Amino acid sequence: MDFSNFLILRDELSLVFLILCLLMFDLFASASGRRLFQPVACVLLLLQILFTAFFSGDSAEAFGGMYTTSPLATMVKIFMSIGTLLVFLFSKTWIENDHEIAKGEYYYLTLSTLLGMYFMISSGHFLLFFIGIELAAIPLACLVAFDKHKPASAEAGAKFILNAAFASGISLFGISLLYGGCGTLYFTDMAAVLNPANLLQTAGMIFFATGLFFKMSLVPYHSWTADVYQGAPANVGAYLSVVSKMAAAVSLFLIFVKVFGAMAQNWKPIFYALIVLSITIANLFAIKQKDIKRFLAYSSISQAGYVVLGVITATAQGLTGLIYYLFVYMLANLAAFGIAAIVERQSGDARISGYNGLYKTNPKLSVLMMFALFSLAGIPPFAGFFSKFFIFAAAIQEGWYILVLIALLNTVISLYYYLLIVRAMFITPNDNPLPAFKSDTASRIAMTVCFIGIVLAGLASCIYNRIGMISDSSFNAPVAAIHVEEIQVNTALPADTVSDAFSGASQLHEVQN
Amino acid sequence: MEPIISMEYYLIVSSIMFFAGIYGFITRRNLIAILISIELVLTSTDINFAVFNRFLFPHQLEGMFFSLFSIGVSAAETAVAIAIIINIYRNIKNVEVRNIKKLKD
Amino acid sequence: MNLLSIFVLLPVLMLAGLFLSRTRAQVRAVAATGASLLLAAAVILCVLFMGERQAGNTAPMLFTDHAVWFPTWNIGYSIGVDGISVLMILLSAIIVFTGIFTSWNIEPLPKEYFMWFCLLSTGVFGFFISLDLFTMFMFYEVALIPMYLLIGVWGSGEKEHAAMKLTLMLMGGSALLMLGILGVYFASGAQSMHIMDMAQADIPVALQRYFFPLVFVGFGILGALFPFHTWSPDGHASAPTAVSMLHAGVLMKLGGYGCFRVAMFLMPEAAQELGWIFLLLTGISVVYGAFSACVQTDLKYINAYSSVSHCGLVLFALLMMNTTAMTGAVMQMLSHGLMTALFFALIGMIYGRTHTRDIRQMGGLMKIMPFLGVAYVIAGLASLGLPGLSGFVAEMNVFVGAFQHSDTFHRVLTLVALTSIVITAVYILRVVGKILYGPVQNPEHLKLSDAVWFERFPVIVLIVVIASIGICPGWISDLIGQALFPIVERLSIAAL
Amino acid sequence: MQDVLILRIVFGFLAAIIAVFSVMAVTSRRILRAATYLLFVLFATSGLYFFLNYSFLGAVQLLVYAGGIIILYVFSILLTNTDQESRAPIFSLRRWLAMLATFGGIALMIYLLLTNTWPEATMDTSAEVNMRVIGHTLMGSEKGQYVLPFEVMSVLLLACMVGGLLIARKRS
Amino acid sequence: MEYSILILILPLLGFLTLGLAGTRLKGKTAGYVGTALLALAALTAYCTAAQYFNLPRIDGIRPSLRPFNWEWMRFTEHLHIDLGILLDPISVMMLVVITTVSLMVHIYSLGYMEGERGFQRYYAFLGLFTFSMSGLVVATNIFQMYIFWELVGVSSYLLIGFYYTKPEAVAASKKAFIVTRFADLFFLIGILLVSYFTRTFDFGLLCSGDSALFASAMGKTFMGAAVLSWATALIFIGAAGKSAMFPLHIWLPDAMEGPTPVSALIHAATMVVAGVFLVARLFPVYYFFTPEVLHGIAYIAAFTALYAAIVACVQTDIKRVLAFSTISQIGFMLVALGVSGMNGHEGTGYMAAMFHLFTHAMFKALLFLGAGAIIHTVHSNEMSRMGGLRKAMPLTHITFLAACLALAGIPPFSGFFSKDEILSAVFAFSPWMGAGMTFIAALTAFYMFRLYYNIFWGKPAEHEHPLHEAPASMTSPLLFLALISLVAGFLPFGKFVSSNGLEYIIHLDVRIAVGSVVIAIAAIFAARSLYRNGTSAVPDKMAGFFGVFHKAAKNRFYIDEIYQFITHKIIFRCISRPLAWFDRHIIDGFLNGLACITGKGSLAFRWMQTGNLQSYALLMIGGCLLLLFWVLFL
C-alpha cells in the first residue's frame with residue numbers, strides 16, 4: 001500500500017484532522033473551554049483554508065484514479081471552506097444560546113458534510129462519489145433537524161432525509177445501469193466507452209443525475225427545498241443553499257462534461273429543460289412568498305438554474321463562469337441568509353413583513369441585505385452582475401440564444417421579488433419596526449466579509465481572471481480534453497446497430513466519419 | 001456458454017423491486033413504511049450491481065464492492081432516518097406523513 | 001489620469017463624502033461642491049475638446065484610454081469621447097447640478113437621497129464616456145437601479161407601483177440589451193468589446209437582423225419607444241422633482257444615445273433594413289404621446305407624455321439616418337433634456353406649494369408666483385418649438401433632415417410627425433392657460449410665495465442654457481456633425 | 001440438466017419471494033408485517049447473492065440487513081406505537097400517478113433491459129470469489145481496490161453515529 | 001445700409017431690458033424707455049427708406065440689398081438658415097409701416113394703458129413684436145421668415161393674453177396661437193417641399209424665376225397636381241392662417257380680447273398682413289410656376305372679403321366689426337395679388353395690394369386706436385353702450401370719421417386710391433369679380449358708417465362717469481394717423497413698389513372710380529338713414545326679413561361652432577381621450593396583465609408544494625421518467 005497516495009489527499013486530510021481536533025476538543029474540554037468552541041472552530045477552519053491555499057498542488061491522481069485533484073478542485077474546496085467558515089461565523093448566537101450541549105456536534109457534523117463534498121469534487125470513481133454525496137447528505141439531515149425540539153425543524157429533517165434517500169436510491173439505480181453498460185465505474189474509463197446511442201446508458205445517466213439534480217434542487221427535483229430551508233435553522237439553510245449547492249454544481253459540471261461528455265447530445269436537452277423550468281417556476285413561486293427563508297429557497301432554486309447554464313456550455317468559459325457565479329452567489333446568499341437568521345432571532349419569526357421599515361432602525365443591516373439582494377438579482381456594480389454576465393456570455397458563445405433570453409427575462413421577474421424585500425426594508429412604512437440591535441462580533445465579521453465580497457468581487461477583476469486561469473488549465477488538462485468535444489451522432493440511431501458497448505468508442509468514430 | 005438463468009430475469013426482478021419501492025415511497029402513509037420502501041429501492045440496486053458484475057464483468061469486483069458499500073451506506077442512512085423519525089414522534093406523537101405538512105406554500 | 005475618469009471618480013468621491021457627512025449642512029456642501037466640480041469639469045472638457053478639434057485632431061474619439069479588465073472576454077475599461085458624448089456629459093452635468101439645488105430641502109433622509117443621486121450620476125457619466133460595450137452596459141444598469149429607491153422612498157402618489165414598474169420595464173429592456181450586446185460581440189468575432197474594434201469587424205447581416213431589434217428595443221425602452229413607454233408617465237409622476245429631472249433629462253437620453261452608438265453604429269445594414277419598423281413605432285410615439293398629453297390632468301403626466309413624444313422624435317430622427325436629422329436628434333436630446341428638467345423642476349416647485357398637480361385645481365398662479373409662471377411659460381414655449389429656444393433648432397434639424405430623405409415613405413412619416421408640433425402647442429397652451437392664467441382657482445393659493453434663491457438658481461441656469469442653444473446652435477451642430485460623420489458614413493455604405 | 005432445472009426452480013422461488021413480498025411490503029397496512037415482508041425480501045436477496053456465488057456479499061446482506069436494520073425497524077415501530085397504518089382514501093391522485101409511474105417505469109426498464117446489447121462476458125461466470133481477493137481489494141490502493149472508499153465510509157459511519165445520537169438523544 | 005440692423009436691434013433691446021428689469025422699473029419709465037427705443041427704430045426705418053428709395057435703379061429695377069447675411073444654422077450642404085436683412089421695395093415699405101404704427105401704438109399706450117398692472121410687460125411684448133415683425137419682413141430666406149413668423153405668433157399670443165386673469169383673453173390667445181400654428185404647420189410643410197426640390201431657402205434664388213430650380217418639383221405630381229402647386233398652396237395656407245382668410249379667420253375676432261392698441265398694431269396693421277406680404281414676397285413663384293394657385297388665392301380671398309363684410313354688418317361689438325372689416329380688407333389685398341400679373345399694366349394688382357396694405361395699415365390702426373379711445377371712455381365694447389359721442393370726443397370723432405371715409409373709399413382719402421387700383425385690377429381680371437368686389441366695397445362703406453353713426457350719433461347711453469376726450473398721448477397718434485390717411489393716397493406708390501420692380505405710374509380708371517364712389521356714397525347714406533338717430537325700425541325689420549341669414553351672420557355663420565365641434569368633439573373626444581384610455585388600459589393594461597399572469601402563474605404551480613414529502617418524490621420520479629421518455633423516444 002502506497003501511503004504517498006494519501007499526501008495527495010492533503011485537502012481532505014487536513015479537514016479530517018480538523019474534525020478530529022474538534023471532536024477531541026469536545027470530548028476533553030471543560031465546560032468553560034467549550035464556550036470557546038466557536039472561535040476555535042473558526043480559527044481552525046481558517047487555518048485549514050490557509051493550509052489548503054498555500055499547499056495546493058498540481059493535478060494528480062491517487063488510488064488508481066479513484067481520487068483526482070487539480071488546482072480547480074482545490075480552489076472549489078477553498079471556496080466551500082470559506083462558505084462554511086462564514087456560516088460558522090453567522091452561527092454563534094444561535095448555537096450558543098439554543099444548543100448549550102450540542103454545539104460541538106454542529107461543527108463537526110457540518111465539517112464532515114464538507115468532507116463529503118470535498119470527495120464529491122475530487123472523486124474519480126462512482127463509488128467514492130456516491131459515498132461522498134451520502135456523506136454530504138446524511139449528517140446534513142441531522143443538521144436540518146438540529147433544532148430538534150422545534151417541530152418545523154424535525155419535519156424538515158424528515159423531509160430532507162427521506163427525499164435524499166429516495167433521490168440517492170434512484171441515483172444508485174442509475175449508477176448500476178451505467179455499470180452494466182460500461183463495465184467500469186472509473187470516470188475516465190467510463191468516459192471512453194460511453195455510447196450516446198445506447199438507451200440503457202442514457203437511462204442510467206438520467207437516473208444517476210437525479211442525485212445531483214436533487215442536491216442542486218432543480219425543478220422538478222426541487223420541491224423539498226423550500227420546506228427544508230424554512231424548517232431548518234437559518235444557518236443550516238444557508239449552508240445547504242450555498243456550500244452544498246456549490247459542491248453539487250461543480251461535480252455536475254465535472255461529471256457531465258468530463259464523464260458524460262460523449263453523451264452531450266443526450267443531456268443537453270435535459271439541462272435545457274431543467275434550466276428553463278427551474279428558473280421560471282422558482283421565480284413564479286418566489287413572487288408570492290411571505291417567509292424570508294422560503295423566499296430565499298426559491299431564489300436559490302432559480303439561481304441554480306443560472307448555474308446550470310455554465311454546465312450546459314461545457315466549455316472552459318462555462319466552467320469559469322459557473323465557479324465564479326457560485327462564489328459570488330455564495331457571498332450574497334450567505335449575507336442574505338445570515339441577516340435572515342439574525343432578524344429571525346430578533347423578531348421571533350421569519351415573515352417578510354417583519355422587514356418593514358428595517359432601514360430606520362438597522363440601517364447597516366438593511367443596506368447589506370439590499371446589496372446582497374441586488375447582487376443576487378445581478379445589478380451592477382455588485383458582483384452578481386458580473387457573474388451573470390459572464391455565465392450568459394459563456395452560454396451565448398455556445399449559441400444558446402433562446403435559453404439565455406429566457407434566463408434574462410427571468411432576471412426581470414427575479415428582480416421584482418428581490419425588490420419586494422428592498423421595498424419592505426426601505427419604503428414600506430411601519431410604525432413599530434424591529435428595534436435597533438447589535439449583532440455579535442462573529443456575525444459582524446462575517447457580514448463585513450460578505451459586504452466587501454459583494455462590492456469588490458466583481459469590480460476587482462483579478463478574482464474572475466484567476467478563476468478563469470485555473471479552470472482553463474484544469475479544463476484543458478489532457479484527461480478531459482478528448483471527451484469534451486461534442487460528438488455528432490443522431491440520437492435516433494437504433495440501439496441494435498451498436499453491437500458492443502465496449503467497441504462503442506470506435507463505433508462512434510466510424511459514425512463520425 | 002449460456003448461463004443457467006439469463007441475466008435479464010435477475011434484472012427484471014430487481015426492477016420490480018425497485019419500482020415497488022418507489023410505489024411504496026409515494027403511497028405509504030407512515031414514515032417508517034416509507035423507510036421500508038427505500039430499503040427495497042436500495043436493495044434492488046445492490047442486486048443489479050452484483051448481477052452485472054457476475055454476468056458481464058466477472059473478471060473484476062467493482063459491482064460487488066459497490067453493493068457492499070451500498071449496504072453500509074443504506075444502513076447508516078436508515079439509522080439516521082429512524083433517529084429523525086423518532087424525533088418527529090417525540091415532537092408530534094405520531095409518524096404519519098399527513099401530520100408533517102406544516103411546511104408548505 | 002485621464003480627464004474623463006474624473007467624471008466617474010468624482011461622483012464616487014461624492015458618495016464617499018456623503019457617507020461621511022453627518023449634518024444636513026455637510027451633505028448639502030458635499031453635494032453642491034461635487035456637482036459644481038462636475039459642471040466645471042464638463043465645461044473644461046467641452047473647451048478642451050473643441051480646442052483639440054480646432055487644432056485639427058480628427059480622430060473619431062478623443063481623450064481615449066484603455067485598460068484591460070477581463071481578458072477572457074476582452075473587456076476593458078475603455079473610455080473616450082466624441083462631440084456627442086461631450087455634449088451629453090455637459091447636459092448631464094448641468095442637470096445634476098440643477099437637480100442638486102432643486103432637491104435642496106429634500107426630506108426625509110437627505111444623505112441617502114444624495115448618495116443614490118450620486119450613484120445614478122456615476123452611471124450616467126460612466127455610460128457616456130464608455131467605449132467598451134460591457135462597461136457601457138454596466139454603467140447603464142448602475143444608472144437605472146437607483147431610480148427604484150429614489151422613486152420608492154422619496155416619491156409621491158402611487159410611488160411603489162410606479163417605481164416597480166419603471167424598474168422592471170427598464171430592466172426588461174436591459175435584459176434584451178444584454179442578449180443583443182453579447183450576440184453582437186460573438187457574431188462580430190471582434191477581438192474586443194471596444195465599440196471601435198467591433199465596428200471594424202463585419203457582423204453578418206443575417207445575425208444583425210436578430211440583434212439589431214434586441215439592442216434597439218433594449219435602449220428604446222429607456223427612450224420611451226412606443227409601445228414600451230408606459231413606465232414613463234407613472235414613473236415621472238411619482239418621482240421626486242430632481243429625480244424626474246435627471247430621469248427625463250438625462251436617463252432617457254441614454255436610450256437614444258445607445259440606439260445610435262451601439263445599435264445603428266455596429267449594425268448599419270440591419271438598421272437600414274429594419275429601420276422602417278422602428279420608424280413607424282417612433283412616428284406613432286411622436287404623435288401618440290402628444291395626443292395623450294392633451295387630455296391629462298396631472299402636470300407630471302402631461303410632461304411625461306410630452307417626453308414620450310419628444311423622445312420619440314429623437315429616435316425618429318436617428319432612424320432617418322442622415323446627418324441633418326441625426327444632428328437634430330442629438331440636439332433634441334439636449335433640448336428635451338434641458339427643458340424637461342426645467343419643467344419638472346418647476347412642477348416640483350409648484351407642487352411643493354400647492355400640494356396638487358391636478359391642473360383643474362389650479363389657476364391664476366402667474367399672479368401669485370410670477371417667477372415660476374414666467375419660467376413655466378418659457379419652458380412651454382421651448383417645448384413647442386419657439387425660435388430662439390433650443391426646441392426649435394432641434395425640431396427644425398429633425399424635420400428638415402427627415403424630409404431630405406429620398407424615400408417617400410420617410411417623408412410621409414415626417415409629415416405625420418410634423419403634426420405633433422401643433423398638438424404640442426395645444427397641450428402646452430392648455431396647461432399654461434389652466435394653471436397660470438385665468439382667475440385664481442383656490443383662494444388658499446393666494447398665500448403662496450414665489451421661488452426662493454435655491455429654486456431660482458437652477459431655473460435660471462436652465463433657461464439660460466436653453467436660450468443660448470436656441471440662439472447660437474452653430475457650435476453644437478458642428479460638434480455633433482463631426483461626431484456623426486463615421487456613423488452616417490457607415491449607414492450610407494450599408495444603404496448601398 | 002437436473003441441476004439446471006433445480007437451480008431454475010430455486011431462482012424462480014427466490015424471484016417470486018422478492019417480487020411478491022416486495023409488493024406486499026409496500027401495500028400491507030400493518031407496518032410490522034411490512035417489516036417482516038421486507039425481511040423476507042432481504043433474505044431472498046441474500047439468497048440471490050449466494051446463488052450468484054457472492055457468498056460474502058450474501059453474508060453481509062444477512063448480517064447487516066436482517067441482523068441490524070430489521071431489528072432497528074422493529075424497535076422503532078414498537079417505539080412509535082404505529083403498527084396500524086391509517087386508512088388511505090379510496091381514490092387518490094397521488095396513488096394513481098404512483099401506479100402510472102411504477103408501471104411505466106417497469107415497462108420502460110423491461111424494454112430497455114431486453115433490447116439492450118450487453119457487453120460480452122469474458123470469463124467464467126460462476127467462480128466463487130476468494131475471501132483473500134476480497135480482503136486485498138478492500139485494502140488495496142491500486143486501481144480496482146477500495147481502501148479510500150473504505151476510509152471515507154468510516155467517516156460516514158462516524159458522522160452518522162454522531163448525528164443519529166444527537167437527534168435521537170432525549171432532550172436534556 | 002448696415003445701420004438698418006438697428007431697426008431690429010432696438011426693439012429687441014427694449015424687450016430684453018424691460019423683460020429682464022421687469023417690475024423693478026416704474027411703469028411709466030418702462031413706457032418711456034420702450035417708446036424712445038421705438039422712436040429711434042422708426043427714425044432708422046425712415047432713414048433706411050429714404051436712402052433706399054433714393055438709390056439708383058439698376059436697369060430700371062430697384063435693387064435688393066442684403067446689408068446682413070449671417071449663416072445661423074446649417075442643415076445640409078445646400079440648406080442653411082441664414083439670418084439677414086433683405087432690403088427691397090416691399091420690405092422697406094413694410095418696415096416703415098411697422099415702425100410707424102408701432103410707434104403710434106407705443107405713444108398711444110402711454111395713455112391708454114396707464115395704471116395697468118404689467119405695464120412693463122406690455123412694453124416688453126410690444127418690443128418683441130416689433131422686433132419679430134421687422135425680422136419677418138426683412139427675411140432673406142423663407143426659413144428666416146418662418147422663424148419670425150413663429151415669433152410674431154408668440155408675441156401676438158402674449159399680447160392677446162395680456163389680461164391673463166380674464167378667461168376670455170386666455171381662451172382667445174390660445175385660439176389665436178393654435179389656429180395660426182396649425183396653419184404654420186402647412187407653411188412649414190410647404191417650405192420643406194419647396195426646399196426638398198429646389199435645395200434652397202433663399203428668396204433671391206426662389207424669386208429669380210429660374211425654372212430650372214423648380215423643374216423637378218413641377219415634374220412630380222401628387223394627386224393630380226404638381227408637387228410645386230401643392231407646396232405653394234401649403235405655403236398659402238400658412239399665409240391664410242396669419243392673415244385670417246376663411247376658414248382660418250376665426251381667431252382674429254376673438255383676438256380682440258387683447259388691449260386695443262395691440263389690436264391696432266398686430267391685428268389690423270401689421271401681423272395680419274404678413275400673409276399678404278408672404279404671397280407678395282413669393283409672387284414670382286406663384287405667378288410663373290403655379291398660376292392656378294394664385295387664382296385660387298384670389299377666389300378664396302374674394303369669398304373671405306364678402307363673408308367678413310357680411311358678418312361685419314351685423315356685429316355689435318365695435319372691435320369685432322373692425323376685426324371683420326380687417327379680414328375683409330385683407331381679402332381685398334389678396335384678391336389683388338391673386339389677379340395680378342407681372343409686367344406693366346398687368347402688375348397693377350400687385351402694386352394695388354401693397355398700396356392698400358400701406359393705406360389700410362394706417363387707417364385701420366387709426367380706427368382701432370379711435371375705438372380704443374372710445375372704449376377707454378365708455379368702458380365697453382358694445383355699440384349699444386355708445387351713441388352721441390361726437391360732442392364728448394370731438395377729436396376722436398373727426399379722426400374716426402376720416403378713417404371711415406378712407407375705408408369706405410371716398411376721395412381724397414387714401415383708401416379711395418388704393419381700393420380703386422384693386423378694383424381696376426380685378427375688373428381687368430374678371431368683370432364679374434370686379435362687380436362683386438365693388439359690392440363688397442359698398443358693404444364696407446355701409447358697415448363702417450353703421451358703426452360710425454351708432455357710436456357718434458343717436459341718443460347717448462347712460463354712463464356712470466362723465467364722458468371725456470382722451471388724453472393728448474392718445475389723441476396725438478390719432479391725429480397723426482388721420483393726417484396720413486388723408487394724404488397717403490397721393491403718394492406715387494407705383495414709383496416705390498411694383499410687381500417687377502420697374503416704375504409704375506398709377507392712373508385712375510375713371511369709370512371704376514366714379515362707380516365705386518357712387519355706390520359707396522349710396523351705402524353711406526343707407527347707413528345714415530338707418531342708424532343716424534338710432535331709432536329707425538328698419539334694421540330690425542331687415543333683420544326679420546333676412547331671418548335665419550341674419551342670425552347666422554350674427555353668429556359668424558357658426559364657423560366657431562364648427563371648429564369647436566372639430567377640436568373638442570373630434571380631437572379631444574375621439575382621438576385624445578381614446579388614446580389616453582388606450583394607453584392606460586390596453587398598453588399599460590397589457591403589461592399589468594403580464595405581471596398579473598406572472599402572479600397567477602405562481603398559483604398555477606402551487607400543486608408542486610403540497611407539503612407532502614411523497615408528492616415531492618412523485619414529482620422527482622415522474623420528472624425523471626418523463627425526461628427519460630423524452631430523451632429516449634422523442
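A residue counts as buried here if 20 or more other C-beta atoms lie within 10 Å of its own, as exposed if 12 or fewer do, and as partly exposed in between. The model is predicted.

**The hairpin of chain C**

In strand β2 of chain C, residues 75-81, 7 of the 7 residues are buried, so the strand is largely enclosed by the rest of the structure. Both faces of β2(C) take part in this: I75(C), Y77(C), I79(C) and V81(C) point one way, G76(C), S78(C) and G80(C) point the other way, and all are buried.

The partner of β2(C) is strand β1 of chain C, residues 62-70; the two run antiparallel and are joined by 6 bridges. One position on this pairing is S78(C) in β2(C), the bridge partner of H66(C). The hairpin that β1(C) and β2(C) form has 4 residues between the strands, and N74(C) takes a positive phi near 55 degrees.

**Chain D and its neighbours**

The domain assignment divides chain D into domain 1, residues 1-91, and domain 2, residues 129-172. The C-alpha centres of domain 1 and domain 2 of chain D lie 24 Å apart.

Chain D touches both chain A and chain B. With chain A, 27 residues of chain D are in contact with 39 residues. Helices α4 (93-115) and α6 (147-168) of chain D each supply at least two residues of this side, and α6(D) gives the most, with 13 residues.

With chain B, 69 residues of chain D are in contact with 63 residues. The elements of chain D that give two or more residues to this side are α1 (2-27), α2 (31-51), α3 (55-79), α4 and α6. The table sets out the make-up of the two sides of chain D by residue class.

| Side of chain D | Nonpolar | Polar | Charged |
|---|---|---|---|
| touching chain A | 14 residues | 9 residues | 4 residues |
| touching chain B | 48 residues | 16 residues | 5 residues |

**A residue of α4(D)**

I106(D) has its place in helix α4 of chain D. Leaving aside its neighbours within four places in sequence, I106(D) is in contact with S15(B), I16(B) and F19(B). Is I106(D) buried, exposed or partly exposed? I106(D) has 18 other C-beta atoms within 10 Å, and is therefore partly exposed, because a buried residue needs 20 or more and an exposed one has 12 or fewer.

Definitions and conventions:
Residues are numbered from 1 along each chain as its sequence is written. Chains are lettered from A and ligands numbered from 1 in the order in which they are written. This is a predicted model: local features need pLDDT of at least 70, side-chain atom pairs count only at pLDDT 80 or more; totals for chains, interfaces and linings use all residues. Two residues are in contact if their C-beta atoms, placed from the backbone, lie within 7 Å. Ala, Val, Leu, Ile, Met, Phe, Trp, Tyr, Cys and Pro count as nonpolar, Asp, Glu, Lys and Arg as charged, and the others, Gly among them, as polar. Two strands pair if DSSP finds at least two bridges between them. Domain bounds come from an automatic or database domain assignment.
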